[in-house]
Amino acid sequence: MNRLQGKRCVVTGGGSGIGRASAQRLAGEGASVLVVGRSVDNTNETVSLITAAGGRAAALVADATSESDVQAMVRRCLGKFGGLDVFFANAGTPGTNAGIFDQTVEEWNEVWRINVISCMLAIKHAGLHMAEQGAGSIILTSSAGSLRANAGAISYSASKAAVNNLTQTAANAFTGKGVRVNAVLPGLVETQMTRKVFEYARERGKADRIGHMTPLQRAGQPHEIAAMVAFLASDDSSFVTGQLYAVDGGISSTHPHGRIPV
Ligand SMILES: NC(=O)c1ccc[n+]([C@@H]2O[C@H](COP(=O)([O-])OP(=O)(O)OC[C@H]3O[C@@H](n4cnc5c(N)ncnc54)[C@H](O)[C@@H]3O)[C@@H](O)[C@H]2O)c1
């Protein structure tokens, strides 16, 4: 499938998990991908996986929360690939499971910086370029945990709820400019961020309980989130902006305890 032939993309958090799977999927559909990560090894490994599969990618070690680094991402994508059509702002951090009275300003500053400010900077700098060229797709990673309580740390869920509003606000700010802004809201997916949850369940012989509350009764895989990212990056979503797409096995559609089974 060459749905993304000619598209030039930036993927932050591209050295692992959902970001890596998305970079692979975008490149697999024909895009050139600038893989941005914090670790040289992880970022280079994603690029190697893409090039070994015949795709086009380059690595950049940069901080998604630094304004000058985000400007450098845009410059590098323009310089290396000759343009910028898609920015997937995916870098994220989970926060801690501290109770409501144990929340700290330090944690909230850190979680907000990585989960929200990174998205704001992507919108500001990728969006500026895209507005000038009259086209572009910005995709933010939110979370199914943004929609209701108890699916993540308190600071995390609140930060991802901010990402949802930022998605809608930015989509409207770009009115008439041809720039689309959408968010993907993953449910529970096994990555380095959630590894402890999976290991804990496996150690207790309860792996089959993971995700059992969702209608699909399982956790997700990174490539299943990547499929939505590829859709939002592509012209197949040309009439879609300001939207929040849960890719979560259906958990956000339900109050599981009230479900009446077939
Ligand atoms: N795994 C899940 O169940 C799940 C569910 C909902 C949402 N998400 C979101 O998906 C996104 C990707 O997470 P993941 O699950 O693939 O976990 P992950 O830990 O594999 O990926 C997070 C990536 O973000 C990078 N990162 C963190 N801070 C950064 C910074 N300042 N600059 C650049 N990169 C930075 C990390 O190095 C890492 O590669 C995150 O935004 C996360 O909140 C994950």
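**View 1. The largest cavity has a volume of about 40 Å³.** Welcome to a predicted model, which holds one cavity of 30 Å³ or more. Which residues line the largest cavity? They are T12, A64, V70, M73, F87, A89, S118, L121 and A122. By class, this lining divides into seven nonpolar residues and two polar ones, with no charged residue.

**View 2. Helices and a strand meet at the lining of the largest cavity.** At least two lining residues come from each of α3 (67-81), β4 (86-89) and α4 (105-133). Which element gives the most to this lining? That is α4, with three residues. If you are following along in your own viewer, M73, F87 and L121 are among the lining residues to pick out.

**View 3. Residues around the ligand number 26, and a few of them come nearest.** S16, I18, Y156, V189 and T191 are the ones to display here, as the nearest of the set. One of them, V189, also has a backbone N or O atom 2.8 Å from an oxygen atom of the ligand. Two glycines join the picture through their backbones. For G187, a polar backbone atom is 3.3 Å from a ligand oxygen. For G92, the distance between a polar backbone atom and an oxygen atom of the ligand is 3.5 Å.

**View 4. E29 sits in the loop between α1 (17-28) and β2 (32-37).** Is E29 buried or exposed? Its relative accessible area is 3%, so E29 is buried, the limit for that class being under 20%. The E29 side chain makes a polar contact with the side chain of R25, at 2.7 Å. Leaving aside residues up to four places away in sequence, E29 touches M1, N2, R3, L4 and Q5, and also A230. Showing these partners together with R25 gives a handy close-up of the surroundings of E29.

**View 5. P215 belongs to the loop between α6 (195-203) and α7 (222-233).** P215 counts as partly exposed because its relative accessibility is 42%, and that class lies between 20% and 50%. Which residues does P215 touch, not counting those up to four places away in sequence? The list is G249, G250, I251, S253, T254 and R259. For a sense of scale, add A246 to the view: P215 and A246 are 31 residues apart along the chain, and their C-alpha atoms are separated by 13 Å.

How values were computed: Residues are numbered from 1 along each chain as its sequence is written. This is a predicted model: local features need pLDDT of at least 70, side-chain atom pairs count only at pLDDT 80 or more; totals for chains, interfaces and linings use all residues. Side-chain values use heavy atoms; hydrogens and water are left out. On a 1 Å grid over the protein atoms alone, a cavity is a set of points where a 1.4 Å probe fits but cannot get out, and a pocket is an open set with protein on both sides within 12 Å along at least five of seven lines; lining residues have an atom within 4 Å of a point. Grid points are joined across faces, edges and corners, and a volume is the space filled by probe spheres set on the points. Helices (H or I, at least four residues) and strands (E, at least two) are DSSP runs, numbered from the N terminus. Ala, Val, Leu, Ile, Met, Phe, Trp, Tyr, Cys and Pro count as nonpolar, Asp, Glu, Lys and Arg as charged, and the others, Gly among them, as polar. Buried means under 20% relative accessible area, exposed over 50%, partly exposed in between (1.4 Å probe, protein chains only). A polar contact is a pair of N or O atoms within 3.5 Å; within protein, one must be able to donate a hydrogen and the other to accept it, and residues adjacent in sequence count only if both atoms are side-chain atoms. Contact means heavy atoms within 4.5 Å. A residue is near a molecule or strand if one of its heavy atoms lies within 4 Å of it.
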